[in-house]
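Reader: Could you take me through this protein step by step, starting from what is shown and reasoning towards each answer?

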Amino acid sequence: MPRPSHATPPQARPAATATPPLDHAQSRTGPAHAEPPGPPGPPPGSVPGPSRLGPSSTPGPIRARSLSPSPARPRADPGADPGADPGRPLAPGRARLAPPLPGSGGLAERHMAALRTLLLLGLLLTTRGQRAAQRRRPPRPQSPLEKVVAQEGLSLQQLSGKWFLVGMASRCSYLAEHSHQLEATMVTVTVLDGQSLAISTFRKLDRMCWEIRQHYLPTQAPGRFLLKGRRKSSKVDVVVGEADPSSFTILYYQKGHSISVKLYGRTSLVSDAVVDKFEQRVRAVGLSEDVTYYFPTYGFCDSADEFHILDETKL
């Protein structure tokens, strides 16, 4: 019989723990450190993409490039975000600019053209408004002389002859200051060419008789004359307002905006009725009795020597 063996039965050797293979980089630098488990790999049969571990990762199998044309990626809009890929969905919280309207390339030009049109229209409306305001501007007020009606049916020959200055209404400051020194004045009228009048005025100055010669030029309106002065601004408009060739005549004189009225008579004395007419005419042009003066009825001159003639017809 075989001898019983006292040897210990052999124990089962523990299974060797599989040691993961070290990559080349870890084998050179020292012992390998434990790496956190990565994401699960692709399912069987799929083509793995590029690894996130970089070039040191184990490359997967290479798939041959397909020769079929890839779908065209949409082109980026001119107004879109230049950093965004039109074919990639946007990140959360980020909005893509709205695509421009068709034909937006000339939008700025159209805006500028519209602005220029508005400006031009505003200028035209302003100019038209100014012209309309000028048309609506009230007319220039009439001067007192324009309201005077000249004597109708009066011939110039009826005015010729000798006349005496009876009264005068005027706001002349010299006349107001020297109203106490008024001198008797006589006038002779001569018709030159059937249209104009030659006037010679005789009066005393410093106790000497003077003759003042003037020329009343005709105008387009009958009964109205023009008396020229040394300057254009010194011209005087003359109107025969009312006249009775055998008794009296009322003349109007206007120089600038100043107006005066004179009463002449065939004699130095006239009736009260004529004086009343004269004063009515005076008030009608805005003058009053305060600026109405009457001249002496004696001491007249009817001639002057050659050294005391003031000829205004040569001006």
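**Cysteines and a cavity**

Author: In this predicted model, C172 has a relative accessibility of 35% and therefore counts as partly exposed.

Reader: Which cysteine does the disulfide join to C209?

Author: A disulfide is a covalent bond between the sulfur atoms of two cysteines. The structure holds one disulfide, and its two ends lie in distant parts of the chain, 92 residues apart, with C209 in strand β4 and the other cysteine in the loop between β9 and β10. The S to S distance is 1.8 Å, and the partner of C209 is C301.

Reader: Is C301 buried or exposed?

Author: Buried means under 20% relative accessible area. C209, at 22% relative accessibility, is partly exposed because values from 20% to 50% fall in that class. For C301 the relative accessible area is 4%, so this residue is buried.

Reader: Which element gives the largest share of the lining of the largest cavity?

Author: A search of the whole structure finds one cavity of 30 Å³ or more, and the volume of the largest cavity is about 160 Å³. Among the 14 residues that line this cavity, the closest to its centre are V189, I199, Y216, T249 and L251. Two or more lining residues come from each of β2, β3, β6 and β7. The largest share, three residues, comes from β7.

Reader: How many nonpolar residues are in the lining of the largest cavity?

Author: Sorting the lining by class, one finds no charged residues and one polar residue. The count of nonpolar residues in this lining is 13.

Technical notes. Residues numbered from 1 in each chain as written. Predicted model: local features only at pLDDT ≥ 70, side-chain atom pairs only at ≥ 80, totals over all residues. Heavy atoms only, no water. 1 Å grid on protein atoms, 1.4 Å probe; cavity = no way out; pocket = protein on both sides within 12 Å on 5 of 7 lines; lining within 4 Å. Points joined across faces, edges and corners; volume = space filled by probe spheres on them. Helix = DSSP H or I, 4+ residues; strand = E, 2+ residues; numbered from the N terminus. Nonpolar A, V, L, I, M, F, W, Y, C, P; charged D, E, K, R; others polar. Disulfide = S-S within 2.5 Å. Buried < 20%, exposed > 50% of the residue type's maximum accessible area, 1.4 Å probe, protein only.
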